[in-house]
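Please go through the chain shown below with an eye to its backbone, its helices and its charged pairs. The paragraphs that follow take up these topics one after another.

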Amino acid sequence: EAAKRKRDAAAARPKKRAKRAPSVLQPETQAGPELGPGGAGPQEYSIPPPVSQGKWKNKERVLIFSSRGINFRTRHLMQDLRTLMPHSKADTKMDRKDQLFVINEVCEMKNCNKCIFFEAKKKQDLYMWLSNTPQGPSAKFLVQNIHTLAELKMTGNCLRGSRPLLSFDPAFDKEPHYALLKELFIQIFSTPQYHPKSQPFVDHVFTFTITDERIWFRNYQIIEEDASLVEIGPRFVLNLIKIFQGSFGGPTLYENPHYQSPNMHRRLIRLSVAAKFREKQQVKEVQKIKKKGSKVLIKEDPTEVVFETPAEERPVEIQLVKPESKPIVKDKKKPRKIQRKKQKKLFRTEA
């Protein structure tokens, strides 16, 4: 009975009509509503629908957070990615002692199915994990050449929350491990259509380029007038280490043969500096040995004396008388100088 009453009440209510704003051309003295073509009632007008009429179907959510020990540049990069990706979520820093598979549980609690995790080591090396939680796959990268939005003096700008275009290098389709990474990048960095926090505009583009066995990330603004590109930032370089079958672990699907760890790179630099120092020391020792070595005596050449002219022989004179001593000339100005110095000392002591 209560349900029937509600239906009857809803049917009895008159439908609300939006009032039409009075036109500027009509004078205020004219009273009364405008009649429709049949003269039955006031004229109605339709309210324009909202911009996005579609339904939010792609429920991708990306968790972006880091471990403890990151520096200020990594923190700014993480914040820039959060602002560029409206479908991202944040979380507190993870402790170093925790294992990486704990991140799957964190993503489940945050209701996220993708994850970007920044792992810092030795306060100078930064690693990025991109993972599809909880099934996988996941990829581990070494992040190099980081430049954030605050650091770059770029003229580009874009609307916050707008959906980006994703531009990939043609090399992504040539090799299977790059094709897997391309699908992972698409699912993580593309903003879902009709997302509540997104704007229905496309005014910037994310580019992923493969050069020197590394993936270069850039963010450009699309200018409407001539469709030219102006860089916004941030920018960084991803050096692939491994691709795992599971999320943050599991069997290794691909290992980069061109990857060189930062520790090995620093070790090679130290060895090259030490080799240069050793080379200098060896050159010095060789020079010392050459100086100490026995000199080779060259035989006298009899033809050297041919063009020598003997000098005239002078008689040796022996001086028997003591030479006269030169008269000592006293400096008349010297006592005056001594007096002036004494007077100056007295003035200083009195002052």
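Pro137 is found in the loop between β4 and β5. In this predicted model, the peptide bond that leads from Gly136 to Pro137 is cis, with omega near 0°. The loop between β4 (125-132) and β5 (138-147) is also the place of Pro134, and the peptide bond from Thr133 to Pro134 is likewise cis, with omega near -5°. As a background to such cases, most peptide bonds are trans, and most residues other than glycine have a negative phi.

The sign of phi brings up two further residues. Lys122 is not a glycine, yet has a positive phi of about 60°. Lys122 sits in the loop between β3 and β4, and its relative accessibility of 55% makes it exposed, because the exposed class begins over 50%. Tyr194 is also not a glycine and has a positive phi of about 60°. Its place is in the loop between α4 and β7 (204-211). With a relative accessible area of 34%, Tyr194 is partly exposed.

The helix named there, α4, can be checked for its length. Helix α4 covers residues 176-189, which is 14 residues, and at 1.5 Å a residue these should span 20 Å. The C-alpha atoms at its two ends are 20 Å apart, so the model agrees with the expected span. Which residues of α4 are buried? They are His177, Tyr178, Leu181, Leu184, Phe185, Ile188 and Phe189. Seen down the axis of α4, these buried residues fall within an arc of 120°, and therefore they line one face of the helix. The general background is that an α-helix has 3.6 residues a turn, so residues three or four places apart point the same way.

Charged pairs come next. Side chains of opposite charge can pair when their charged atoms come close. With a cut-off of 4 Å between a side-chain nitrogen of Lys or Arg and a carboxyl oxygen of Asp or Glu, the count comes to eight salt bridges. One of them joins Lys110 and Asp91, whose closest N and O atoms are 3.9 Å apart. Lys110 lies in the loop between α3 (102-109) and β3 (114-121), whereas Asp91 lies in the loop between β2 (88-90) and α3, so the pair ties together parts that are 19 residues apart in sequence. Both partners fall into the intermediate class of accessibility: Lys110 is partly exposed at 31%, and Asp91 is partly exposed at 25%.

Another salt bridge links Lys182 with Asp173, the closest N and O atoms being 3.2 Å apart. Asp173 has a relative accessibility of 54% and counts as exposed. What joins Arg218, Glu231 and Arg235 into one network? Salt bridges that share partners do this. Within the network, the side chains of Glu231 and Arg235 meet at 2.9 Å, N to O. Is Glu231 buried or exposed? At 11% relative accessibility, Glu231 counts as buried, because the buried class holds residues under 20%.

The surface also has a nonpolar part. Val316, Ile318, Leu320 and Val321 make a nonpolar surface patch of about 540 Å². Leu320, one of these residues, lies in the loop between α5 (262-292) and α6 (334-350). Its relative accessibility of 79% places Leu320 among the exposed residues.

Two C-alpha pairs remain, each made of residues well separated in sequence numbering: 78 residues apart for Thr83 and Gly161, and 133 residues apart for Asn58 and Thr191. The C-alpha atoms of Thr83 and Gly161 are separated by 7.4 Å. Thr83 belongs to helix α2 (residues 72-84) and is partly exposed, with a relative accessible area of 24%. For Asn58 and Thr191, the C-alpha atoms are separated by 9.1 Å. Asn58 lies in the loop between α1 (2-12) and β1 (62-66), and at 36% relative accessibility Asn58 counts as partly exposed.

Key
Residues numbered from 1 in each chain as written. Predicted model: local features only at pLDDT ≥ 70, side-chain atom pairs only at ≥ 80, totals over all residues. Heavy atoms only, no water. Helix = DSSP H or I, 4+ residues; strand = E, 2+ residues; numbered from the N terminus. Expected span 1.5 Å × (residues − 1). Buried < 20%, exposed > 50% of the residue type's maximum accessible area, 1.4 Å probe, protein only. Arc of directions from axis to C-beta. Patch = residues over 30% accessible without salt bridge, like charges linked within 9 Å, V, L, I, M, F, W, Y side chains within 5 Å. Areas by Shrake-Rupley, 256 points an atom, 1.4 Å probe, with all protein chains shown as cover.
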